[in-house]
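The exercises below ask for a careful reading of one structure, each with a worked solution that proceeds in steps. Please look over the sequence and the coordinates before turning to the tasks.

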Amino acid sequence: MTQGTLYVISAPSGAGKTSQVAQLLKSMDNLKVSVSHTTRAKREGEQDGVHYHFVSRDDFIAMRDRGDFLEHAEVFGNFYGTSRVWLQQQLDVGTDVILEIDWQGAQQVKRLMQPVSIFILPPSREVLLARLKGRASDSEEVIARRTAEAIIEMSHYREFDYLVVNDEFELAQQQLQGIIRTQRLRQSVQAVRLDGLLTKLLAQ
């Protein structure tokens, strides 16, 4: 059995990362997204255990102090963290896993593992701002803060293996799927999957 591949996908708020990842999960087999733990309030339509594991601040800090998280970060005053045990279990059975995390989390993961990292960019700052304003639940203050954070986030693009511009949704989706398919065709992965065939082909 081959080891699963870990994908880190980052993007500024408003770049469309969540929609792209959701489509990847629908379109490709043997692929899961890690459900992060967070202390932020549940938004309308979100389900515990599906979108996030919603926990109290005290519970999160206890989990962090026990070393339960592969990575964790504070974003806009809320904590987010990735379960170390769940992730390793999935990779060990050959499942590819996506982590939707910011650049800080990506740095933490890279210090511990060797993920394939992808950064999603908006086509322009104007489009990014329009997408942020389209979130009726956010105040002007929140939008201004998210815009400033987005610029900081985008400045870290050099730390990622791949860059995808989310302008035309389908084109960006094809590019993301292409990255995953390419990784699955690596010699080290295929050599395990095709062991029987290779043995027969090379038999004397």
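A residue counts as buried when its relative accessible area is under 20%, as exposed when that area is over 50%, and as partly exposed in between. The model to which this is applied is a predicted one.

**Exercise 1. The chain as a whole**

Task: Describe the protein chain by its secondary structure, its radius of gyration and its contacts.

Solution. Begin with the secondary structure, where the protein chain has 9 helices and 9 strands. Next, compare the radius of gyration, 18 Å, with the 17 Å that the globule rule gives for 204 residues; the two values are close, so the chain is as compact as a globular protein of that length. The C-alpha trace spans about 70 × 40 × 30 Å along its principal axes. Then turn to burial and contacts: 43% of the 204 residues count as buried, and of the contacts with a separation of 6 or more, 68% are between residues 24 or more positions apart. Finally, consider surface and charge: the protein chain exposes about 11,400 Å², of which carbon and sulfur atoms supply 51%, while its 24 positive and 26 negative side chains form two sets whose centres lie 3 Å apart.

**Exercise 2. Helix H4**

Task: Determine which residues of helix H4 are buried, what covers them, and which residue caps the N-terminal end of the helix.

Solution. First, locate H4 at residues 103-112, where Trp 103, Gly 105, Ala 106, Gln 108 and Val 109 are buried. Second, look for the cover of these buried residues, which includes the strands S1 (6-10), S5 (69-75) and S7 (96-100) together with helix H6 (140-154). Third, inspect the N-terminal end of H4, which is capped by Asp 102 through a side-chain oxygen that lies 3.2 Å from the backbone nitrogen of Gln 104.

**Exercise 3. Two positive phi values**

Task: For Asn 30 and Phe 76, establish the backbone phi angle and the degree of exposure.

Solution. Take Asn 30, in the loop between helix H1 (17-27) and strand S2 (31-33). Phi of Asn 30 is near 55°, a positive value in a residue other than glycine, and with a relative accessible area of 35% Asn 30 is partly exposed. Now take Phe 76, in the loop between S5 and strand S6 (78-83), for which phi is likewise near 55° and positive, although the residue is not glycine. Phe 76 has a relative accessible area of 25% and is therefore partly exposed. Beyond its neighbours within four places in sequence, Phe 76 is in contact with Arg 145, Arg 146 and Glu 149, and its C-alpha atom is separated by 9.0 Å from that of Val 142, 66 residues apart along the chain.

**Exercise 4. Two residues to classify**

Task: Are Thr 2 and Ser 83 buried or exposed, and which residues are in contact with each of them?

Solution. Thr 2 lies in the segment before S1, and because its relative accessible area is 12%, Thr 2 is buried. Apart from neighbours within four places in sequence, the contacts of Thr 2 are Leu 91, Gly 94, Val 189, Val 192 and Arg 193. Ser 83, whose place is in strand S6, has a relative accessibility of 18% and so counts as buried too. With the same neighbours left aside, Ser 83 is in contact with His 37, Asp 68 and Phe 69, and its side chain reaches the backbone nitrogen of Trp 86 at 3.3 Å.

Technical notes: Residues are numbered from 1 along each chain as its sequence is written. This is a predicted model: local features need pLDDT of at least 70, side-chain atom pairs count only at pLDDT 80 or more; totals for chains, interfaces and linings use all residues. Side-chain values use heavy atoms; hydrogens and water are left out. Helices (H or I, at least four residues) and strands (E, at least two) are DSSP runs, numbered from the N terminus. The radius of gyration is taken over C-alpha atoms; the globule rule is 2.2 Å times the number of residues to the power 0.38. Buried means under 20% relative accessible area, exposed over 50%, partly exposed in between (1.4 Å probe, protein chains only). Contact means heavy atoms within 4.5 Å. Accessible areas come from the Shrake-Rupley method with a 1.4 Å probe; for residues, only the protein chains shown count as cover. Lys and Arg count as positive and Asp and Glu as negative; His and the chain ends are not counted. The place of a charge is taken as NZ of Lys, CZ of Arg, CG of Asp or CD of Glu. A polar contact is a pair of N or O atoms within 3.5 Å; within protein, one must be able to donate a hydrogen and the other to accept it, and residues adjacent in sequence count only if both atoms are side-chain atoms.
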